[in-house]
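Please look over the sequence and the structure below before reading the report. The text that follows takes up single residues, helix pairs and the nonpolar interior in turn.

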Amino acid sequence: MPTTTNPGRPHQDDDDDGVRQPNRNRITAQTGASMLDLIVRNARIDGHKELVDISCRNGRIVEVGPALQAQADATVDAKGYLVTPPFVDSHFHMDATLSMGMPRLNSSGTLLEGIRIWGELKPDLTAQGLKERALKLVSWAVAKGNLAIRTHVDTTDPSLMAVDVLLEVREEMRDYVDIQLVAFPQDGVLRCKDGIALLKRALDKGVDVVGGIPHFERTMDEGRRSVELLCEIAAERGLMVDMHCDESDDPHSRHIESLTYQTQRLGLQGRVAGSHLTSMHSMDNYYVSKLLPLMAEAQMHCVCNPLVNMNLQGRHDTYPKRRGLMRVPELLAMGINVSLGHDDVMDPWYPMGTHDMLEVAHMGAHALHMTGVEQQNTLFDAVTTHGARTLNLKDYGLAPGCNADMVIVQAASKMEALRLHPARLFVIRRGAVISTTPEVQATVTMNGSTQRVDFR
């Protein structure tokens with residue numbers, strides 16, 4: 001396994017946890033510069049022909065290059081494994097996560113029954129239970145190398161308890177994970193009593209992004225009206241927008257058109273994401289040929305959720321059954337940024353998951369017919385760099401000056417990582433190791449001999 005010395009917390013000046021922290025004032029005799037916090041050696045980075053070292057100081061990447069002549073307080077030997085920027089989950093529901101079976105299971109497996117179960121569950125939710133489940137999910141996320149999560153939080157509960165809890169989680173976990181909260185009116189911002197007022201209260205508390213669910217409003221007209229109102233709120237406050245949009249098999253559910261129009265009208269280009277967009281799978285090709293250029297012009301972001309929408313869509317079909325996913329290859333061909341989300345983990349809508357974004361991309365490769373070499377590489381990007389673009393993350397990447405956040409995976413390439421869902425050997429946040437997993441090895445005994453099995 002790649003080795004490390006002195007793993008610790010993300011860059012901080014305190015020593016409360018008893019872990020020896022680097023001396024920021026130490027000077028190296030060779031360079032006269034402050035001592036480095038961490039060097040990752042023998043890293044394989046996409047786009048580099050040879051192995052490189054990555055040096056980090058004060059939570060930032062200082063230099064990337066082969067065989068750097070430098071010393072650091074901590075060293076990790078990547079042994080030629082792939083080093084990638086952190087994985088990004090562009091669409092999640094942390095307030096509902098790990099609540100499967102509360103108060104009952106989703107027997108039909110449908111979206112609408114999941115929404116009904118969530119409505120039954122909300123009166124019995126407690127702040128303590130919700131927070132415990134959210135923190136447990138965050139620990140899973142870190143172990144899988146997911147250091148940025150955009151999570152939607154229900155704002156239709158008059159108490160806004162989930163909002164308050166996730167604001168606490170965001171603050172408590174900020175040294176480890178970037179959590180971006182979306183004000184999500186689960187029951188419809190117009191359909192719910194005081195929906196607009198509750199959403200604004202959530203934003204006043206510090207929620208980051210304006211959300212919506214226009215296809216769940218009572219009528220198509222109310223859905224369009226909700227898009228207009230919510231985008232105006234975002235424009236007034238200078239916020240981003242991310243709406244659950246057209247999450248249905250109805251080819252006439254076209255709220256993405258309204259969202260694209262309002263983005264242009266209000267000057268929100270580059271700040272708006274349409275999530276799900278599953279009706280696009282059923283739309284007429286002529287209509288889509290008009291829609292996609294408009295989306296590109298508005299600099300829309302799109303978030304596809306292959307695991308959950310493959311499960312929820314097409315439920316009313318006999319045969320043939322629709323996959324019910326947005327048209328990712330066509331969107332990409334238009335230059336539209338597409339990222340992927342896990343959406344749910346063990347909740348009323350989805351009974352599976354470990355918050356592994358490579359599992360999401362793997363499903364996307366199959367369900368979206370994207371198994372070509374470059375297509376697989378693009379899907380890896382959809383859970384890393386494309387996601388960072390959707391969330392508008394600053395200083396993301398593996399270049400000098402970027403945050404020293406990275407993941408060493410037990411694979412040699414993006415394609416291999418997509419195929420194997422390999423161990424995240426080291427997860428590094430601001431130049432400190434925060435999670436480790438031993439290398440996975442298997443041995444088989446056949447015909448009296450034992451041999452190691454290498455799936456790479």
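H366 counts as partly exposed, because its relative accessibility is 46% and partly exposed covers the range between under 20%, which is buried, and over 50%, which is exposed. The model in which this value was computed is a predicted one. H366 has its place in helix α10, which covers residues 357–367. In sequence H366 stands 60 residues apart from P306, while in space the two are 9.4 Å apart from C-alpha to C-alpha.

**Two buried residues**

Q180 and R133, in contrast to the residue above, fall under the cut-off for burial. Q180 belongs to strand β8, which is formed by residues 178–184, and Q180 is buried, with a relative accessible area of 11%. When its neighbours within four places in sequence are left aside, Q180 is in contact with I149, R150, T151, D208, V209, M240 and L391.

R133 is found in helix α2, and this residue is also buried, its relative accessible area being 15%. The contacts of R133, again leaving aside neighbours within four places in sequence, are with T97, L98, S99, M102 and L125. R133 and C302 are 169 residues apart in sequence, and their C-alpha atoms are 28 Å apart in space.

**Two pairs of packed helices**

Two packed helices are described by the angle between their axes and the distance between the axes. The table gives these values for two pairs.

| Helix pair | Residues | Angle | Axis distance |
|---|---|---|---|
| α2 and α3 | 127–143 and 161–172 | about 40° | 10 Å |
| α5 and α6 | 220–237 and 255–265 | about 30° | 9 Å |

Helices α2 and α3 pack at an angle of about 40°, which makes α2 oblique to α3. The crossing in which α2 passes α3 is right-handed. On the side of α2 the contact is made by A127, L130, K131, A134, L135 and V138, and on the side of α3 by M161, A162, V165, L166, E168, V169 and E172. Sorted by class, this contact of α2 with α3 has 10 nonpolar and three charged residues, and no polar ones.

For α5 and α6 the angle is about 30°, and that makes α5 roughly parallel to α6, since angles under 35 degrees count as roughly parallel. Here too the crossing is described as right-handed, with α5 passing α6. The residues M220, G223, R224, V227, E228, C231 and E232 of α5 meet H255, S258, L259, Q262 and R265 of α6. By class, the contact of α5 with α6 has four nonpolar, four polar and four charged residues.

**The nonpolar interior**

Which residues of the largest nonpolar core touch the most other members? They are M94, L259 and M295, in a core of 100 residues. The element that gives the most to this core is α3, with seven residues. Not counting residues up to four places away in sequence, M94 touches A134, L137, V138, I149, T151, H152, L166, V169 and I179. Among these partners, A134 and V138 of α2 and L166 and V169 of α3 also take part in the contact between those two helices. L259, another of the three residues that touch the most members of the core, is one of the residues of α6 that meet α5.

Apart from the largest core lies another one, of 23 residues, which includes L38, A43, A74 and A404.

Terms used. Residues numbered from 1 in each chain as written. Predicted model: local features only at pLDDT ≥ 70, side-chain atom pairs only at ≥ 80, totals over all residues. Heavy atoms only, no water. Axes fitted to C-alpha atoms, helices over the stretch in contact; angles between N-to-C directions. Helix = DSSP H or I, 4+ residues; strand = E, 2+ residues; numbered from the N terminus. Parallel < 35°, antiparallel > 145°, perpendicular 65-115°, else oblique. Left-handed = near helix turned anticlockwise from the far one by under 90°. Contact = heavy atoms within 4.5 Å. Nonpolar A, V, L, I, M, F, W, Y, C, P; charged D, E, K, R; others polar. Core = buried A, V, L, I, M, F, W, Y, C linked by side-chain atoms within 4.5 Å. Buried < 20%, exposed > 50% of the residue type's maximum accessible area, 1.4 Å probe, protein only.
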